[in-house]
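Let's walk through this protein together, one question at a time. Have the sequence and the 3D view open beside you.

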Amino acid sequence: MLSRKELFKDTLKKAAHAWKRTVELHLTEEEANLLRLYIDQPGYVDLHWVMFVPAIKGQGTEEQQKKWLTMAYKFQIIGTYAQTELGHGSNVQGLETTATFDPSTDEFIMHSPTLTSSKWWPGGLGKTSTHAVVYARLITEGKDYGIHGFIMQLRSLDDHSPLPGITIGDIGGKFGSGAYNSMDNGVMRLDHVRIPRDQMLMRLAQVTREGKYVHSDVPKQLLYGTMVYVRQTIVADASRALSRAVCIAVRYGAIRKQFGSKAGGPETQVLNYKTQQSRLFPFLASAYAFRFVGQWLKWLYTDVTQKLESKDFSTLPEAHACTAGLKSVTTSATADAIEECQKLCGGHGYLNSSGLPELFAVNLPACTYEGDNVVLLLQVARFLMKTVSQVASGKQPVGTTAYMGNIQHLMQCKSVVNTVEDWLNPAAIKEVFEARALRMAVNCAQNISKAPSQEEGFEAAVAHVQLIIVTKFIEKLQEDILGHGVKEQLQKLCGIYALHLIHKHLGDFLSTGCVTARQGSLANERLGKLYAQVRPNAVALVDAFDYTDHYLGSALGRYDGDVYSALYKEAWKDPLNETVVPDGYQEHLRPLLKQQLKLSRL
Ligand SMILES: CCCCCCCCCCC/C=C/C(=O)SCCNC(=O)CCNC(=O)[C@H](O)C(C)(C)COP(=O)(O)OP(=O)(O)OC[C@H]1O[C@@H](n2cnc3c(N)ncnc32)[C@H](O)[C@@H]1OP(=O)(O)O
Ligand SMILES: Cc1cc2nc3c(=O)[nH]c(=O)nc-3n(C[C@H](O)[C@H](O)[C@H](O)COP(=O)(O)OP(=O)(O)OC[C@H]3O[C@@H](n4cnc5c(N)ncnc54)[C@H](O)[C@@H]3O)c2cc1C
């Protein structure tokens, strides 16, 4: 119910308080991240910690890191990541801001030459950030060397006013009433603003005092390294958001009753309807699947970072493909699922007090930020096409594409499934997912060789990413899992995750000959049985997420199930209910009613 200004001020207040507690309690970086997570309100600090600091860590020299990170860690400066412009977001190479080296003063001149070159979207830029990593075309000795990162001070550290030559503001209200409106996404124009040469982030390339451009020995793709890092964290965010929505919908489904009363008996809990289960339980399974794949992705990212430190860049393309693909598939599935959870809760799901509209609005932009989901899947497709061509020339693929090395078998195998029970076998499931992904990638490579097109391969990329998620779920179940019966429940969820994908993408599985129509219908039969088996534990499986009522913020998802009292209480909190007779009655409603009454008497 807060206005935009109040909401923004509230964000500043919470962030300042969180920082105070971080210092008082000597929280580690990881603990401080958790604190921000539970504040659960997008704000400038996200950009500071999640993008500004990592950009300096990844692209700054040791000396630059020492200088800037020391201030950033103490919050003496607040930073953002200013990449996107009004005219270009996905196409980073198309950015127009210029950084022209002036050897006479040893400075870069930062400039926005066109309207479309205005920086547009960076979080925290609008009203808060004092500094930014700004991406601009580096021009020296008359030559354009493409996009590079520069640290710029934007606002005075005394009175917070923008520095000379910098025009800066907020880009305006966004989707939903609260959601991302707590963030001051900003616009910025630069008018020949001068910065010292040593504010170019120089780990990837340097400009010498004389203006010579010098490459270092790290690949230029490291310019995109911050995005790889953030995409990895977004997978965990997606899993968390999805599990919150599912927790609300499952708990409410166990409380809500409609129809089914025979001779005055109790009505049916809506969660018992098969149509409800077939819509909701795949989301429950996906919430677990995304959590496990998110944990694995964090491991992969840590591994690639360690390798990069010792100048081993070999796993960077795979890390890019995995983070891009998983960010895309998990955030799209999550946004769709939250929307569906609202429908699964009927009319009450549409109320703000259900918590679902806010959850949807705040997670929807994850499909766009850090790379539009379609654009990112096309990057995965590009990686797959390269891998297929390497396999064709006899190179053994590794990591998440290792299955492609089994090309002889996977291109012609037939699924071993013959009975409903055969779909319980993880090896049988994995094989059909591998065969589908490989056959789609090979088909795509063949089509591209006939008629090259950038956009081919989107579906093949989805198939590959889904294979990764299914595989990581299966691998998780090979670990020791504590708790009586927990592993059995997770096995059922793993089955649901995989089989609902077969159901959803049956066209792919049939057209690539990976399963027959009969096997497809056996998979559906198995899925129905799994839904019935999961039903008795569905509430326990969402309770296991261990969310407090406060964090869930939902009248429908309350742990104690006292849904109707909560809805009733929440309704009375609405500002419209502050007066019995509404504002506007005297000016608009009364005259209208009186006039109609008069007319009716004529
Ligand atoms: C605690 C609570 C915390 C909550 C925190 C939430 C935080 C969320 C905050 C979110 C704020 C949002 C921030 C942003 O949105 S920042 C802006 C993000 N912008 C994008 O993501 C732009 C997307 N576009 C791109 O990434 C690239 O431009 C694109 C990859 C699409 C194309 O680039 P380009 O034209 O240069 O590339 P090519 O296709 O020709 O590729 C060249 C080669 O580089 C490889 N590549 C591309 N990207 C990467 C990468 N990231 N890492 C490694 N390698 C990469 C690509 O595969 C090509 O390789 P090959 O030539 O070998 O094929
Ligand atoms: C809430 C939010 C916060 C953000 N925060 C930041 C930030 O802090 N810093 C920052 O720098 N940026 C930020 N951004 C910007 C964000 O990164 C970009 O919006 C995003 O990368 C998408 O780029 P775009 O807007 O140019 O979309 P476009 O690329 O213009 O996309 C428009 C449509 O075209 C399609 N399309 C584009 N290219 C292709 C292609 N090659 N093939 C097929 N289809 C294509 C897309 O799929 C999409 O449907 C933020 C955005 C949002 C929404």
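Q: How many bridges join strand β1 to strand β5?
A: Keep in mind that this is a predicted model. Strand β5 spans residues 131–140 and runs parallel to β1. The number of bridges joining these strands is four.

Q: Which residue is the bridge partner of A82 in β5?
A: A82 belongs to strand β1, residues 79–82, where it shares one side with T80. Its bridge partner in β5 is V134.

Q: Are the faces of strand β1 covered or open?
A: On one side of the strand are G79 and Y81, and these residues are buried. On the other side are T80 and A82, which are buried too. Both faces of β1 are therefore best described, on the cut-off of 20 or more other C-beta atoms within 10 Å for a buried residue, as covered.

Q: Into which domains is the protein divided, and how many Å apart do their C-alpha centres lie?
A: Domain 1 covers 4–218. Domain 2 is made of three stretches, 225–395 + 425–479 + 488–541. The C-alpha centres of domain 1 and domain 2 are separated by 33 Å.

Q: Which element gives the most to the side of domain 1 that touches domain 2?
A: Contact between the domains involves 14 residues of domain 1 and 13 residues of domain 2. By class, the domain 1 side has nine nonpolar, five polar and no charged residues. The element that gives the most to this side, with six residues, is α3.

Q: Where does ligand 2 lie with respect to the domains?
A: Look at which parts of the chain supply its shell: domain 1 gives residues, and domain 2 gives residues as well. Because both domains take part, ligand 2 lies between domain 1 and domain 2.

Q: Which element gives the most to the shell around ligand 2?
A: The shell has 23 residues, and the closest are Q83, T84, G89, S90 and W121. They divide into 11 nonpolar, 10 polar and two charged residues. β1 and α9 each supply at least two of the shell residues. The element that gives the most, with three residues, is α9.

Q: Which element supplies the largest share of the shell around ligand 1?
A: Ligand 1 is surrounded by 29 residues, with V92, Q221, Y224, H320 and G371 the closest. Two or more residues come from each of α2, α3, α5, α7 and α9. The largest share, four residues, comes from α5.

Q: How many charged residues does the shell around ligand 1 have?
A: Each of domain 1 and domain 2 contributes at least three residues to this shell. By class, there are 12 nonpolar and 12 polar residues, and the number of charged residues is five.

Q: Which residue does the UniProt annotation "active site" cover, and is this residue buried or exposed?
A: The annotation comes from an unreviewed UniProt entry and covers E370. E370 lies in the loop between α8 and α9, and the residues it touches include M227, V230, R231, I234 and K327. Because E370 has 25 C-beta neighbours inside 10 Å, this residue counts as buried.

Q: What separation, in Å, is there between the C-alpha atoms of I248 and A555?
A: I248 is found in helix α5 and is buried, with 29 other C-beta atoms within 10 Å. Among the residues I248 touches are L552, S554, L556 and G557. Although I248 and A555 are 307 residues apart along the chain, their C-alpha atoms are separated by 8.7 Å.

Q: Is F259 buried or exposed?
A: F259 lies in the loop between α5 and α6. Its phi is positive, about 60°, although F259 is not a glycine. Most residues other than glycine have a negative phi. Because F259 has 8 C-beta neighbours inside 10 Å, this residue counts as exposed.

Q: What is the approximate phi of K311?
A: K311 sits in the loop between α6 and α7. K311 is exposed, with 8 other C-beta atoms within 10 Å. K311 is not a glycine, yet its phi is positive, at about 65°.

How values were computed. Residues are numbered from 1 along each chain as its sequence is written. Chains are lettered from A and ligands numbered from 1 in the order in which they are written. This is a predicted model: local features need pLDDT of at least 70, side-chain atom pairs count only at pLDDT 80 or more; totals for chains, interfaces and linings use all residues. A residue is buried if 20 or more other C-beta atoms lie within 10 Å of its own, exposed if 12 or fewer, and partly exposed in between; C-beta atoms are placed from the backbone. Two strands pair if DSSP finds at least two bridges between them. UniProt positions are given in the numbering used here, feature names are shortened, and annotations may be inferred rather than shown by experiment. Two residues are in contact if their C-beta atoms, placed from the backbone, lie within 7 Å. A residue is near a molecule or strand if its C-beta atom, placed from the backbone, lies within 6 Å of it. Ala, Val, Leu, Ile, Met, Phe, Trp, Tyr, Cys and Pro count as nonpolar, Asp, Glu, Lys and Arg as charged, and the others, Gly among them, as polar. Domain bounds come from an automatic or database domain assignment. Lists of a residue's contacts leave out its neighbours within four places in sequence.
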